[in-house]
Amino acid sequence: MTSPTYATYLRLDELLSLQQPLTPAEQRDLSDSERLFIVVHQASETLLSQVLVDLRHIDAHRCGQQCFSQRVERAARLVDALAGQLTLLHRTLRREDFLRFRDRFGTASGLDSEQFKELFSRVRRLTKHGADDRSPQEAQRLGELGAAVGRWRSTHLELVDHMLGDRPGTGETSGARFLAARLGDVPAGAEPAGAEPAAASSRPDHEDSPDAQPLSSSSARPSSARPSLGHVVVVGGSVAGLLTAHVLADHARRVTVLERDHYEQSPGPRAGVPQSRHTHVLLTSGMNALDELLPGLLPELTDAGAPRVAVPGDLGVWQAGQWISRRNPSAPIMTPSRPFLENHVRRHVLADSRIEVRTGVETTGLLGRPGHITGVVVRDRGVEHGSPQELTADLVVDATGRGSRTPRWLTELGDRPPAEEVVETGRAYATCVFHADDPAEDLRGFYVVPDAEQPFGAIILPVEGGRWSVTLSGPRGQAPPTDPEGFVDFADRLPHPAPYKWLSAARPVARPVGYRHTANRRRRYDRRGRGATGLLVIGDALCAFNPVYGQGLSVAALNAVALRDVLAGGGTPSAHVLQRAVLRSSHAAWAVATGADSPMPGAIGNAVRTGPVARLLNRYLSRVRAHVPSDPVVCAANRDVLFLLNPPHSLLTSPQVLRRVLLRTARPTSRDLPTP
C-alpha cells in the first residue's frame, strides 16, 4: 500500500478547486474579495462539521464523564473559532466589495445552513433540557458551550450590521433586524417601526426553525444591532472626529459629521487644520490602534508610499548631548504627511453609509441647558446672510481641536466652562518641505531633542513622494524664520552640524510655515458631574500637547479605541463614563509632554511641576536620559514610554532600569554620526 502524501491525505487538489466566485475573473479585485467570502464560509462549515461530530457522539450517550467534558470543551473552542472566522471577515473584506457582489448569490443565506440548524437544536437540548442530571463539572462545560454559541451569534450580528447597515437582506428580508429575530435576540413582532416583520419575510420556512429561541442569557445582542445612542453629531471632520464617528457608527442610529472645510479628492493642507503643513508621525501605539480600528489601512498607506523608519535604527537621534546608538532599533513608526494620512482615513471611514458628512458647515453654538446638551447650531459657510439651523442630537462630540469653542458655548448656556491645566514653554517652530538626497551613514532623518540645557530642536523625516519634512524649533523669543534661507541658517544653532550640513544641500519645495501654539492644555470635562449628558470632547479639544513630541495623531487613535472598548461592554454608558475613558487614554501622553516641558526655562502654567518631589524626579529622569544613548535596556524602556506603549511610571518601577540608572555610570557615545 502506497503511503499518502500530504496533498493526497488532505485531498488538497479537490479542496482548493472548490472556490468558484461568480464575479467574472477579469474583475480581479472584486473576484478575489468574493473568493475570500467563500473561503471563510467553507472553512466555517468545515469547523462546524467537527463540532457536530462531538455533539452527536454525546447525544448518542456514548460518553462517560471525562469524555463528555473533553468533547464539550472542544466543541466550545471550535465554536469560538467560528466566531473568529466572522471577525476575520469583518476585518479583511471591504464592505464596498461585499455590496457589489452580494446580489450574485441571490437569496442564498447563512440561515440556510443545515449544520447551523443542527448545532442550535443540539446545544439548546443539551443546555436547556439535559443539564439537570449532569454533574457540576459537566454543567459548567455546557454553560461554556452555550456562552460560546452566544458569542458567535453576537459576532454574526455585528458582521451583518456592519456589512448591510439598514439595507435589506437576501430575499428582501429586513437584513440585520431579520437576522436578529431569527437568532432569537429580538422576539418576532418586536422589530422597530418600519422594519419588515419576520413573519412577512420571503423565508417563512424558517419560522419554526430550532434557532428561533435564545440559547442562554450569555447570547447578549451587540449594541451595533440595537443602536443605543440615537443620533450622534461629530463636530470636526479631521482624524480624531473621523475615527470617533467610525466607532460610534456601531452604536448609533445615525452619525453626522460636520466639517467647516470642503474635502478635496487628493491630499492637501486644509485651513481648518493649521498643523496640516507640519511634520507628523504615527507612533507604535497609534499604529496599533489604527490597525484595530481600520484593518487594512496601514498596508494601504505603505503601498501608497508612506515611509516607515525605525528609531533610532534609521534616525540620527541627538539627546542629552550625544547621539543615541542605532544598535537597538524599534519596530518602525510611520511618517506620512498629515494630509496624506487623513485622506486615507477619510476614505475608509466615509465608505460607511451610516455616517453622513456635511462639509462647508460651521458650528456656532450648543443647544440645551446647563448639564444637558441636546444639539448644535450650524450655518453654511460662504453663504451671505445664511440663517442658523438647529440640529438636534442625543450626543454631541467636539473634535474641533485646539481652537475648540465649547468652553465659550457652555458659558453662553449658563454652564461653567471646564477647568484647564496648562504647561507652556513659549516654544515656536516652523516647517518646510525639501527635496534632498539621503543623509550620510544610511540615515533616513534626524531628531534633535531639545532640553533645559539645549533649547533648539529639529525633526527631519521622509514623507511620501520622495520628499523630506523638516521642522525646526526654538525657545520663547527665538522662533525659526519663515523664509527659506533664514530657515536653513537657523539649523546652524543645533548642537551638532550634521543636520545643517545636510539641509544646506537640500532644495525647498515651498516657503516655511510657522506655528506658535505649542502649550500643553488639558480641559477637565470629566469634572462636569456624573449627571451631565449629551456632550463628549475628544482629541486636541480635550487634551492638546506640545506638537514637537509627535503624539497628537496617536492619541486621537487611542481615544477612539478607548471609546470603542467602553461601548463594547454593553448597555448605554453615560457621557461621564465615556469622557473619563477618553481622558484616561490621553494620560500617558500628557505625563510625557508636561514632564519634558516643565523643567524648560520660562515654563509657565498651573500644571508646571515644581517642588522637591518634582526636582528629585527630574534629577532621576536626567540620569535616565544620560543612559539612553549607550544602554540598550534603558533606551528600549524610555522609547516605549515615549511611544505610549508603557506608562511613564514604568521607568521608576522596572528593577532593570532602576539598577542601571542608579548604579551604573553612563558611557558617552561618539560625537561622529552614528553608524548602524
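Is phenylalanine 490 buried or exposed? In this predicted model, phenylalanine 490 is buried, because its relative accessible area is 4%. The residue belongs to one of the 10 aromatic pairs that the structure holds, and the points below set out that pair, further ring contacts and the packing of two helices.

**Aromatic pairs**

- Phenylalanine 490 pairs edge-to-face with phenylalanine 456, at 5.6 Å centre to centre and with 75 degrees between the planes.
- This pair links distant parts of the chain, since phenylalanine 456 lies in the loop between β14 (446-448) and β15 (457-463), whereas phenylalanine 490 lies in helix α14 (residues 484-490), 34 residues apart.
- Phenylalanine 456 also counts as buried, because its relative accessibility of 11% falls under the 20% cut-off.
- Tryptophan 318 and tryptophan 323 form another edge-to-face pair, with 5.2 Å centre to centre and 85 degrees between the planes, and both tryptophans are buried.
- Ring pairs also join Phe37, Phe98 and Phe101 into a cluster.

**A charge over a ring**

- Arginine 346 is placed over the face of tyrosine 263, at 4.1 Å from the ring centre.

**Packing of α3 and α4**

- Helix α3 (residues 28-59) packs with helix α4 (residues 65-92) at an angle of about 170 degrees, and their axes are 9 Å apart.
- The two helices are therefore roughly antiparallel, as an angle over 145 degrees counts as such.
- The crossing in which α3 passes α4 is left-handed, and the contact between α3 and α4 comprises 20 nonpolar, six polar and three charged residues.

Conventions: Residues numbered from 1 in each chain as written. Predicted model: local features only at pLDDT ≥ 70, side-chain atom pairs only at ≥ 80, totals over all residues. Heavy atoms only, no water. Axes fitted to C-alpha atoms, helices over the stretch in contact; angles between N-to-C directions. Helix = DSSP H or I, 4+ residues; strand = E, 2+ residues; numbered from the N terminus. Parallel < 35°, antiparallel > 145°, perpendicular 65-115°, else oblique. Left-handed = near helix turned anticlockwise from the far one by under 90°. Nonpolar A, V, L, I, M, F, W, Y, C, P; charged D, E, K, R; others polar. Phe/Tyr/Trp six-rings, centres within 6.5 Å; stacked < 30°, edge-to-face > 60°. Buried < 20%, exposed > 50% of the residue type's maximum accessible area, 1.4 Å probe, protein only. Lys NZ or Arg CZ within 6 Å of the ring centre and 35° of its normal.
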